[in-house]
Structure formats: C-alpha cells, structure tokens
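Please look at the sequence and the three-dimensional structure shown below. The paragraphs that follow lead through selected parts of it, one after another.

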Amino acid sequence: MKKIGIVGSGLIGRSWAMLFAAGGYKVVMYDIDKNALERAYKIIEEQLYDTEKDGLLRGSLSAKEQSALISITSDLPEVVTDAVHVQECVFEDVELKKKVFRDISDYCNNDQTVLCSSTSCIMPSKLFTGLKRVSQCIIAHPCNPPSLCPLTEIVPHPETSAGVIERTRNLMAEIGQTPITLKKEIDGFALNRIQYSIINECWRLVLDGYLSVEDVDKAMTDGIGMRYAFIGPFETCHLNAEGTTQYMEKYAEGIQRVSSTFGAVPDFDDNSVAEINKQMCKMVPDTREGLEARRKWRDNCLLELAKVKAKVKTD
Ligand code: NAI
C-alpha cells in the first residue's frame with residue numbers, strides 16, 4: 001500500500017490526512033508537539049465518524065477503515081522513509097519550513113518521493129533553493145476548508161522535475177482535489193492574487209463611502225459569486241457576449257476607464273479596520289460562539305453547493 005507522510009498535525013495537516021485516507025492511502029502523521037499529535041488523531045477520528053453518520057464521508061471506505069489507515073508517530077524518519085509523497089504542514093515560518101525540508105530531504109531514501117509544502121505564500125525559490133533534493137520539491141497549496149473547496153495550487157520550483165509536477169497533479173486529482181499548476185512562481189500564487197484584488201476594491205468602496213459592508217458582500221454572494229461557483233471570469237466574458245472577441249469590442253474601453261479609477265492599494269490602517277469590523281460584527285459577532293456558528297453555517301452551505309456542482313457535472 002502506498003504511504004503518504006504528513007508533517008504537522010494542525011488544521012491543514014489533519015485535512016490532508018483525511019483526504020489521503022479517503023483516497024485509500026496509508027497515512028503516517030508527525031508533529032513536533034506530541035500532545036498536538038495525539039489531539040489531532042482524536043479530532044480526525046471524531047470527524048470521520050461524524051461525517052459518516054451524516055452520510056457525507058468521502059471515498060468508498062468506511063470511517064473505521066479510513067481511521068485505520070492513519071497512524072501517528074514522533075519519529076520524522078519513519079514518516080519520510082518509503083513514502084510516495086510527504087506533505088509538510090507546519091507553521092507559516094520560512095526558517096522553520098526550510099529546516100523541516102532539510103530534515104525531510106536528508107531522511108528521504110527514494111528519488112521518486114515528492115516532497116511537498118502546503119505553504120500559503122512562501123515562494124518555492126525562498127523555500128527550496130539549495131536543497132539537495134530540490135528537483136523533488138514542490139508546493140501544493142490547498143484552499144480552506146480543503147474537503148469542501150477542492151482547489152489546490154501546484155507551484156513548482158524552477159528546478160522541480162517534470163515528473164514530480166505530473167505526479168503531484170495526478171495524486172491531487174486522484175483524491176478528488178482540483179489541481180491548477182502555476183507555470184512559474186509569483187508572490188501570492190494565483191488564488192491570493194485574485195482574492196486580494198477583490199478585497200482591495202471592496203475595501204475602497206466601503207471606506208470611500210459608496211457602499212456598506214453588508215451591500216458589498218451581497219454584490220458578491222447574490223451577484224458575481226453566483227456565477228463564479230460555476231464559470232470563471234473568462235467564461236463569464238465569453239458568455240456575456242457572442243464570445244470573448246465581441247465582449248472586448250463592446251466592453252474593453254469601459255473596463256479600462258473604470259479600472260483606471262481604482263487607486264492605490266489601501267493601507268488597512270487601524271481606523272479603517274475598526275470601521276469595517278464594526279459593520280461586519282453587526283452581521284457576525286466576532287465572539288468565539290458567533291464565529292463558530294457562522295463557520296458551521298458556511299461549511300454547510302459549501303457542502304450543499306458541492307452537491308449541486310457534482311450533480312451539474314454529471315447531468
Ligand atoms: P496550525 O497552526 O494549525 O498547525 C501547525 C502544526 O505544525 C502544529 O500542530 C505544530 O505543532 C506543528 N509544527 C510546528 N513545528 C513543527 C515541526 N518542526 N515539525 C513538525 N510539526 C511542527 O497551522 P495550519 O493552519 O494547519 O497551517 C499549516 C500550513 O498550511 C501553513 O504553511 C499555512 O500557511 C498553510 N495553509 C493554511 C491554511 C489555513 O487556512 N489555515 C490554508 C492553506 C494553507
């Protein structure tokens with residue numbers, strides 16, 4: 001049975017462990033903090049049985065079979081030895097990750113093992129340059145929560161081998177994720193660059209007094225976002241005219257005119273953060289209970305959306 005190593009058992013490490021076990025892989029998970037590791041295993045077991053009870057368990061194996069595929073260890077070499085893929089999920093700290101990758105690289109006993117980081121925003125050149133197994137190193141950045149938002153950004157280092165890129169993509173697709181591959185590295189990768197461009201303009205619209213926070217969010221959830229769950233910005237253009245060429249004949253001038261008024265990147269100063277937070281808290285209090293309840297609601301919505309998307313795909 002093929003083995004996957006997970007390094008770091010926090011939110012993302014646990015998510016990967018469940019995704020790989022649902023795909024039928026043997027998963028060995030490690031954490032430097034033994035208590036965190038034991039806690040993580042308990043949380044995983046609970047989540048597997050809960051999702052099974054709700055009829056929402058991924059994959060064809062039962063919760064019992066999936067939890068039996070996952071084991072924990074405090075021995076890093078045990079995680080790496082003979083693994084087909086090692087997924088690093090430690091804190092977002094470049095020096096810490098570099099050290100972890102040096103160790104993983106030293107313990108690795110197979111030229112075919114993929115050494116993969118979950119980093120949200122550290123570029124491959126900052127993380128992997130100089131490692132002796134750099135050709136085996138790559139980033140697979142998931143979208144949170146990974147079990148409900150399948151997008152996974154694959155970001156290779158310039159020296160990552162073509163085979164490693166292909167195997168990472170194939171593995172992600174096999175376990176039900178949606179891989180996209182950056183052809184070269186860029187700060188923020190794809191997802192955060194797109195997301196930040198939206199946040200910046202929404203921030204300006206509120207702070208410059210055009211819209212309330214609530215109305216900006218409605219523009220997304222009941223407008224643009226309705227389409228974006230099914231078609232991206234390019235297909236939106238293509239369908240909103242007789243193809244992209246005609247769309248741009250009609251709208252390019254307007255896009256350029258409006259875009260030239262966007263202004264500088266907001267500086268997110270304390271006053272503006274306080275104003276946005278005040279308006280936001282009227283909708284969702286920033287208390288532990290308030291946020292937890294809303295997250296639960298969000299995850300439920302995403303689950304329902306995933307069902308609709310799966311149905312639409314097979315129709
Ligand atoms: P977390 O804080 O929940 O968990 C990090 C875990 O790493 C902790 O259990 C900690 O004990 C462990 N750790 C620290 N040093 C270690 C070491 N030397 N060896 C082994 N384990 C060690 O963090 P989270 O949220 O799971 O993030 C992990 C990575 O995933 C980060 O790089 C983050 O940027 C990325 N990511 C996070 C997302 C999120 O929404 N939380 C989304 C996508 C990626």
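Phe 268 is found in the loop that runs between helix H11 (244-259) and helix H12 (270-283). In this predicted model, the backbone of Phe 268 has a positive phi of about 50 degrees, although the residue is not a glycine. Because its relative accessibility is 36%, Phe 268 counts as partly exposed; the class of partly exposed residues lies between the limits of 20% and 50%.

From Phe 268 the path leads to Asn 200, a residue of helix H8 (residues 191-207). Asn 200 and Phe 268 are 68 residues apart in sequence, and their C-alpha atoms are 9.4 Å apart in space. Leaving aside residues up to four places away in sequence, Asn 200 touches Val 265, Pro 266 and Phe 268. Is Asn 200 buried or exposed? Its relative accessibility is 16%, and therefore Asn 200 counts as buried, since buried means under 20%.

Phe 189 lies in the loop between strand E8 (178-181) and H8. Phe 189 is not a glycine, yet it has a positive phi of about 50 degrees. With a relative accessibility of 0%, Phe 189 counts as buried.

Another backbone feature occurs at Pro 145, which lies in the loop between E6 and strand E7 (151-156). The peptide bond from Asn 144 to Pro 145 is cis, with omega near -5 degrees. Asn 144 also leads to the ligand: a polar atom of the Asn 144 side chain lies 3.3 Å from an oxygen atom of the ligand. An N or O atom in the side chain of Lys 97 is 2.7 Å from a ligand oxygen atom. At Leu 11, a polar backbone atom is 3.1 Å from an oxygen atom of the ligand. Taken alone, the ligand exposes 840 Å², and the protein buries 79% of that area.

Which residues surround the ligand most closely? The shell has 23 residues, and the closest are Ile 12, Asp 31, Glu 92, Lys 97 and Ser 120. Two or more residues of this shell come from each of helix H1 (11-22), helix H5 (94-107) and strand E6 (137-142). H5 gives the most, with 3 residues. By character, the shell around the ligand divides into 11 nonpolar, 8 polar and 4 charged residues.

Definitions and conventions: Residues are numbered from 1 along each chain as its sequence is written. This is a predicted model: local features need pLDDT of at least 70, side-chain atom pairs count only at pLDDT 80 or more; totals for chains, interfaces and linings use all residues. Side-chain values use heavy atoms; hydrogens and water are left out. Helices (H or I, at least four residues) and strands (E, at least two) are DSSP runs, numbered from the N terminus. Buried means under 20% relative accessible area, exposed over 50%, partly exposed in between (1.4 Å probe, protein chains only). Contact means heavy atoms within 4.5 Å. A residue is near a molecule or strand if one of its heavy atoms lies within 4 Å of it. A polar contact is a pair of N or O atoms within 3.5 Å; within protein, one must be able to donate a hydrogen and the other to accept it, and residues adjacent in sequence count only if both atoms are side-chain atoms. Accessible areas come from the Shrake-Rupley method with a 1.4 Å probe; for residues, only the protein chains shown count as cover. Ala, Val, Leu, Ile, Met, Phe, Trp, Tyr, Cys and Pro count as nonpolar, Asp, Glu, Lys and Arg as charged, and the others, Gly among them, as polar.
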